[in-house]
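Please read this briefing alongside the sequence and the model. It goes from the overall layout to the core, the surface, the loops and the charged pairs.

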Amino acid sequence: MLKESRFKESALNESPLNQNALKNWPEMERPREKLVSLGSSSLSDAELLAIFLRTGVRGCNVVDLARQLLKSFGSLGAIFAASQEDFCARHGLGMAKYVQLQACLEMSKRYLAENIKDIDCSLTSSQATRDYLLSELRLETREIFAVLFLDNQHRVLTFERLFFGTLNAAAVY
């Protein structure tokens with residue numbers, strides 16, 4: 001009985017489905033190990049996404065799944081901007097991963113906003129203001145009426161979205 005279960009285990013490990021498993025990759029090619037060893041900037045978009053996704057699906061390791069998603073959506077930005085329905089409709093993705101992705105995105109936004117406040121960033125030029133507003137509004141799919149509050153040295157105090165409109169108009173009351 002014990003020999004039979006060992007035979008089944010070894011047959012499973014040698015099956016075509018497991019040959020492409022990440023654990024069979026050289027250690028320095030695995031995304032997590034590569035990040036620890038070489039830093040996050042050394043990873044491709046697919047490898048970063050694979051770390052976030054954590055697991056692949058039957059017959060497809062996590063890095064291949066990440067590559068498929070990038071090809072399907074077109075970019076990391078498009079994945080972040082995907083609707084819940086569109087994201088969850090993909091094989092291997094569900095509500096839990098969608099919620100994680102949105103939480104990751106929100107943490108990134110807050111981190112960047114915190115950095116802008118911490119470094120005493122002044123919006124003294126139109127380019128600096130444009131860059132700040134792009135970081136705040138990049139993923140919006142509709143018109144937004146917002147107010148940017150600055151102090152007398154042109155440092156950002158807060159940014160508030162007041163009215164939300166349609167694709168090409170926002171009514172302000």
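From the N terminus onward, the order of elements is α-α-α-α-α-α-α-α-α-β-β, which amounts to nine helices and two strands. The model is a predicted one. Of its 173 residues, 23% count as buried.

**Overall figures**

- The exposed surface of the protein comes to about 11,900 Å², and 55% of that area is supplied by carbon and sulfur atoms.
- Taking contacts between residues at least 6 apart in sequence, 33% of them join residues at least 24 apart.

**Nonpolar core**

- The largest nonpolar core has 21 residues, and those touching the most other members are L49, L53, L65, A66, L69, I79 and F87.
- Two or more residues of this core come from each of α4, α5 (62-73) and α8.
- Helix α5 is the largest contributor to this core, giving seven residues.
- L65, one of the residues that touch the most other core members, is in contact with L53, T55, G56, V57, C60 and H91, once neighbours within four places in sequence are set aside.

**Helix α4 and its end**

- Helix α4 spans residues 45-53, and its buried residues are A46, E47, L49, A50, F52 and L53.
- Two of these, L49 and L53, are also among the core residues that touch the most other members.
- R54 follows just after α4 and has a positive phi of about 75 degrees.

**Nonpolar surface patch**

- A nonpolar patch on the surface is formed by L35, V36 and L48, which together have about 250 Å² of accessible area.
- V36 belongs to helix α3, which covers residues 31-38.
- V36 counts as exposed because its relative accessibility is 71%, and the cut-off for exposed is over 50%.

**Loop between α8 and α9**

- S122 sits in the loop that links α8 (95-118) to α9 (126-137).
- With a relative accessible area of 26%, S122 is partly exposed.
- Leaving out residues up to four places away in sequence, S122 touches A128, Q153, H154 and R155.
- S122 is 28 residues from L150 in sequence, while their C-alpha atoms are 8.7 Å apart in space.

**Loop between β1 and β2**

- D151 is placed in the loop between strands β1 (144-150) and β2 (156-164).
- The D151 side chain reaches the backbone nitrogen of Q153 at 2.9 Å.
- The D151 side chain also makes a polar contact with the side chain of R155, at 2.8 Å.
- Both of these partners, Q153 and R155, are among the residues that S122 touches.

**Salt bridges**

- The count of salt bridges is nine.
- D86 and R90 form one through their side chains, at 2.8 Å from N to O.
- D86 has a relative accessibility of 33% and therefore counts as partly exposed.
- The side chains of E136 and R161 form another, with an N to O distance of 3.6 Å.
- E136 lies in helix α9 and R161 in strand β2, so this pair ties together parts that are 25 residues apart in sequence.
- What is the relative accessible area of E136, and is E136 buried or exposed? The value is 17%, so E136 is buried, given that buried means under 20%.
- R161 is partly exposed, at a relative accessible area of 27%.
- R161 also forms a salt bridge with E140, where the closest N and O atoms are 3.3 Å apart.
- Because E140 lies in the loop between α9 and β1 while R161 lies in strand β2, this pair ties together parts that are 21 residues apart in sequence.
- E140 is partly exposed, with a relative accessible area of 28%.
- Through shared partners, the salt bridges join E136, E140 and R161 into one network.

Terms used:
Residues numbered from 1 in each chain as written. Predicted model: local features only at pLDDT ≥ 70, side-chain atom pairs only at ≥ 80, totals over all residues. Heavy atoms only, no water. Helix = DSSP H or I, 4+ residues; strand = E, 2+ residues; numbered from the N terminus. Buried < 20%, exposed > 50% of the residue type's maximum accessible area, 1.4 Å probe, protein only. Contact = heavy atoms within 4.5 Å. Areas by Shrake-Rupley, 256 points an atom, 1.4 Å probe, with all protein chains shown as cover. Patch = residues over 30% accessible without salt bridge, like charges linked within 9 Å, V, L, I, M, F, W, Y side chains within 5 Å. Salt bridge = Lys/Arg side-chain N within 4 Å of Asp/Glu carboxyl O. Polar contact = N/O pair within 3.5 Å; in protein donor to acceptor, adjacent residues only side chain to side chain. Core = buried A, V, L, I, M, F, W, Y, C linked by side-chain atoms within 4.5 Å.
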